[in-house]
Amino acid sequence: MSATADHAEERTNPAARLGFQPGQVVQEIGYDDDVDQELREAIEEVTGTDLVDEDYDDVADAVVLWFRDDDGDLTDALVDATTYIEEGGAILLFTPKTGRDGYVEPSDIQDAATTAGLTASKSVSVGKDWSGSRLATPKAAKSKR
(Lines give C-alpha, C1' and ligand atoms only; values in the text may rest on other atoms or scores of the structure.)
Protein backbone atom coordinates (compact mmCIF):
# COMPACT_ATOMS: atom_id res chain seq x y z
CA MET A 1 0.00 0.00 0.00
CA SER A 2 1.34 3.43 -0.85
CA ALA A 3 1.85 6.21 1.67
CA THR A 4 -0.92 8.13 -0.08
CA ALA A 5 -3.35 5.25 0.38
CA ASP A 6 -2.35 4.98 4.04
CA HIS A 7 -3.09 8.68 4.56
CA ALA A 8 -6.41 8.37 2.73
CA GLU A 9 -7.43 5.51 5.04
CA GLU A 10 -6.51 7.57 8.10
CA ARG A 11 -8.84 10.33 6.92
CA THR A 12 -11.76 8.04 6.10
CA ASN A 13 -11.50 5.31 8.74
CA PRO A 14 -12.03 6.68 12.26
CA ALA A 15 -10.27 3.64 13.77
CA ALA A 16 -7.10 4.42 11.80
CA ARG A 17 -7.41 8.12 12.74
CA LEU A 18 -7.55 7.12 16.41
CA GLY A 19 -4.26 5.22 16.11
CA PHE A 20 -5.34 1.58 16.08
CA GLN A 21 -2.70 -0.68 14.51
CA PRO A 22 -2.75 -4.15 12.92
CA GLY A 23 -2.31 -6.97 15.43
CA GLN A 24 -3.40 -5.00 18.49
CA VAL A 25 -5.52 -6.64 21.16
CA VAL A 26 -8.30 -4.17 21.99
CA GLN A 27 -10.46 -4.65 25.07
CA GLU A 28 -13.95 -3.17 25.01
CA ILE A 29 -15.63 -1.92 28.18
CA GLY A 30 -19.11 -0.44 28.50
CA TYR A 31 -20.66 -2.19 25.50
CA ASP A 32 -24.42 -1.73 25.20
CA ASP A 33 -26.97 -1.68 22.40
CA ASP A 34 -26.33 2.05 21.77
CA VAL A 35 -22.67 1.73 20.72
CA ASP A 36 -21.56 2.52 17.16
CA GLN A 37 -21.41 -0.85 15.41
CA GLU A 38 -19.68 0.62 12.34
CA LEU A 39 -16.88 1.98 14.53
CA ARG A 40 -16.50 -1.39 16.26
CA GLU A 41 -16.22 -3.09 12.86
CA ALA A 42 -13.70 -0.46 11.68
CA ILE A 43 -11.51 -1.14 14.73
CA GLU A 44 -11.65 -4.89 14.07
CA GLU A 45 -10.83 -4.27 10.39
CA VAL A 46 -7.75 -2.17 11.22
CA THR A 47 -6.46 -4.48 13.96
CA GLY A 48 -7.37 -7.70 12.19
CA THR A 49 -8.65 -9.08 15.51
CA ASP A 50 -12.00 -9.24 17.29
CA LEU A 51 -12.54 -6.91 20.21
CA VAL A 52 -12.22 -8.74 23.53
CA ASP A 53 -14.72 -8.13 26.30
CA GLU A 54 -14.45 -7.12 29.95
CA ASP A 55 -13.77 -10.72 30.98
CA TYR A 56 -10.52 -10.90 28.98
CA ASP A 57 -7.86 -12.02 31.47
CA ASP A 58 -4.65 -10.72 29.89
CA VAL A 59 -3.34 -7.24 29.18
CA ALA A 60 -4.48 -5.47 26.03
CA ASP A 61 -2.69 -3.01 23.74
CA ALA A 62 -5.61 -0.58 23.96
CA VAL A 63 -8.96 -0.23 25.71
CA VAL A 64 -12.15 1.09 24.16
CA LEU A 65 -14.33 2.58 26.89
CA TRP A 66 -17.92 3.47 25.96
CA PHE A 67 -19.04 5.85 28.71
CA ARG A 68 -22.31 7.70 29.29
CA ASP A 69 -23.04 10.33 31.93
CA ASP A 70 -25.14 7.90 33.98
CA ASP A 71 -22.53 5.09 33.93
CA GLY A 72 -21.05 6.12 37.28
CA ASP A 73 -17.78 7.85 38.07
CA LEU A 74 -15.63 8.51 34.99
CA THR A 75 -12.40 8.82 37.00
CA ASP A 76 -12.98 5.38 38.53
CA ALA A 77 -13.75 3.91 35.10
CA LEU A 78 -10.53 5.36 33.66
CA VAL A 79 -8.40 4.16 36.57
CA ASP A 80 -9.91 0.69 36.18
CA ALA A 81 -9.25 0.76 32.42
CA THR A 82 -5.56 1.53 32.96
CA THR A 83 -5.18 -1.83 34.72
CA TYR A 84 -6.17 -3.62 31.50
CA ILE A 85 -3.57 -2.10 29.17
CA GLU A 86 0.11 -2.62 28.45
CA GLU A 87 2.44 0.11 29.66
CA GLY A 88 2.25 2.86 27.06
CA GLY A 89 -1.11 1.64 25.79
CA ALA A 90 -4.01 3.95 25.11
CA ILE A 91 -7.57 4.25 26.30
CA LEU A 92 -10.04 5.36 23.66
CA LEU A 93 -12.89 7.02 25.51
CA PHE A 94 -16.11 7.21 23.51
CA THR A 95 -18.91 9.42 24.86
CA PRO A 96 -22.23 10.52 23.35
CA LYS A 97 -22.10 13.74 21.32
CA THR A 98 -23.63 17.00 22.54
CA GLY A 99 -27.41 16.78 22.75
CA ARG A 100 -27.46 12.96 22.90
CA ASP A 101 -28.59 10.98 25.95
CA GLY A 102 -25.63 10.39 28.25
CA TYR A 103 -23.57 13.36 26.99
CA VAL A 104 -20.45 13.98 29.09
CA GLU A 105 -19.04 17.52 29.38
CA PRO A 106 -15.52 17.92 27.90
CA SER A 107 -14.39 19.55 31.17
CA ASP A 108 -15.51 16.41 33.05
CA ILE A 109 -13.47 14.25 30.66
CA GLN A 110 -10.41 16.47 31.11
CA ASP A 111 -10.74 16.49 34.91
CA ALA A 112 -11.23 12.71 35.11
CA ALA A 113 -8.30 12.03 32.75
CA THR A 114 -5.99 14.30 34.74
CA THR A 115 -7.05 12.74 38.06
CA ALA A 116 -6.48 9.24 36.58
CA GLY A 117 -2.97 10.27 35.49
CA LEU A 118 -3.79 10.36 31.78
CA THR A 119 -3.37 12.99 29.11
CA ALA A 120 -6.31 13.61 26.80
CA SER A 121 -6.27 14.51 23.14
CA LYS A 122 -8.93 16.78 21.74
CA SER A 123 -12.28 15.19 21.13
CA VAL A 124 -12.98 13.93 17.60
CA SER A 125 -16.17 12.76 15.94
CA VAL A 126 -16.09 8.98 15.56
CA GLY A 127 -19.64 8.34 14.42
CA LYS A 128 -23.11 9.76 14.12
CA ASP A 129 -23.73 9.75 17.88
CA TRP A 130 -20.27 9.40 19.47
CA SER A 131 -17.17 11.49 20.11
CA GLY A 132 -13.82 9.98 20.97
CA SER A 133 -10.81 11.03 23.03
CA ARG A 134 -7.48 9.22 22.98
CA LEU A 135 -6.10 9.07 26.53
CA ALA A 136 -2.51 8.07 27.15
CA THR A 137 -0.23 7.52 30.10
CA PRO A 138 2.43 10.22 30.40
CA LYS A 139 5.56 9.49 28.36
CA ALA A 140 7.74 10.16 31.39
CA ALA A 141 6.25 7.14 33.13
CA LYS A 142 7.29 4.94 30.21
CA SER A 143 10.92 6.08 30.26
CA LYS A 144 11.51 5.53 33.99
CA ARG A 145 14.47 3.22 34.65
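Student: Let's start with arginine 68. Does it count as buried or exposed?

Tutor: Buried. Keep in mind that this is a predicted model. The cut-off for buried is under 20% relative accessible area, and arginine 68 comes in at 7%, so it counts as buried.

Student: Which residue forms a salt bridge with arginine 68, with the closest N and O atoms 2.8 Å apart?

Tutor: The general idea is that side chains of opposite charge can pair when their charged atoms come close. Here, the partner at 2.8 Å is aspartate 34. Look at where the two sit: arginine 68 is in the loop between E2 and H4, and aspartate 34 is in the loop between E1 and H3, so this pair ties together parts 34 residues apart in sequence. Aspartate 34 has 33% relative accessibility, so it counts as partly exposed.

Student: Which other aspartate meets the side chain of arginine 68 in a salt bridge?

Tutor: That's aspartate 71, at 2.9 Å from N to O. With 38% relative accessibility, aspartate 71 is partly exposed.

Student: How many salt bridges does the structure hold?

Tutor: Five. Another one to find on screen is arginine 100 with aspartate 129, at 2.7 Å from N to O. Arginine 100 is in the loop between E3 and H5, while aspartate 129 is in the loop between E5 and E6, so this pair links parts that are 29 residues apart in sequence. Arginine 100 is partly exposed, at 34%, and aspartate 129, at 28%, is partly exposed too.

Student: And which residues are joined into one network by salt bridges that share partners?

Tutor: Asp34, Arg68 and Asp71.

Student: Moving on to another charged residue: where does glutamate 28 lie, and is it buried or exposed?

Tutor: Glutamate 28 is in strand E1, residues 26–29. Its relative accessibility is 7%, so it counts as buried. For a buried charged side chain, check what it touches. The side chain of glutamate 28 makes a polar contact of 2.7 Å with that of arginine 40. Leaving out residues up to four places away in sequence, glutamate 28 touches Arg40, Leu51, Val52, Asp53, Glu54, Val64 and Trp66.

Student: What about the nonpolar side chains? How many residues does the largest core have?

Tutor: In soluble globular proteins, nonpolar side chains tend to be buried together. In this model the largest nonpolar core has 19 residues, and those with the most contacts inside it are Phe20, Val26, Ile43, Val64, Trp66, Leu92 and Phe94. H2 (14–17), H3 (37–47), E2 (60–66) and E3 (85–96) each supply at least two of its residues. H3 gives the most, with four.

Student: What is valine 64 in contact with?

Tutor: Not counting neighbours within four places in sequence, valine 64 contacts Phe20, Val26, Gln27, Glu28, Ile29, Ile43, Leu92 and Phe94. There's also a second, separate core of 18 residues, with Leu65, Ile85, Ile91 and Ala116 among them.

Student: How do I read a helix such as H5? Which of its residues are buried?

Tutor: An α-helix has 3.6 residues a turn, so residues three or four places apart point the same way. In H5 (residues 106–115), the buried ones are Ile109, Ala112 and Ala113. Seen down the axis, they fall within an arc of 100°, so they line one face of the helix. The face turned away from that buried side carries the exposed residues Thr114 and Thr115. Helix H4 (74–82), E3, E4 and E6 are included in what covers the buried residues of H5. Just after H5, glycine 117 has a positive phi of about 80°.

Student: E6 keeps coming up. Is strand E6 mostly covered or mostly open?

Tutor: Mostly covered: five of the seven residues of E6 (130–136) are buried. To read a strand, look for its bridge partners. E6 runs antiparallel to E3, with seven bridges joining them, and leucine 93 stands opposite serine 133. Two bridges join E4 (residues 119–120) to E6, again antiparallel, with threonine 119 partnered by alanine 136.

Student: How many residues lie between E5 and E6 in their hairpin?

Tutor: Four. Two bridges join E5 (residues 124–125) to E6, and the two strands run antiparallel. Valine 124 stands opposite glycine 132.

Methods: Residues are numbered from 1 along each chain as its sequence is written. This is a predicted model: local features need pLDDT of at least 70, side-chain atom pairs count only at pLDDT 80 or more; totals for chains, interfaces and linings use all residues. Side-chain values use heavy atoms; hydrogens and water are left out. A nonpolar core is a set of buried Ala, Val, Leu, Ile, Met, Phe, Trp, Tyr and Cys residues joined through side-chain atoms within 4.5 Å. Buried means under 20% relative accessible area, exposed over 50%, partly exposed in between (1.4 Å probe, protein chains only). Contact means heavy atoms within 4.5 Å. Two strands pair if DSSP finds at least two bridges between them. A polar contact is a pair of N or O atoms within 3.5 Å; within protein, one must be able to donate a hydrogen and the other to accept it, and residues adjacent in sequence count only if both atoms are side-chain atoms. The arc is that of the directions from the helix axis to the C-beta atoms. A salt bridge is a side-chain nitrogen of Lys or Arg within 4 Å of a carboxyl oxygen of Asp or Glu.
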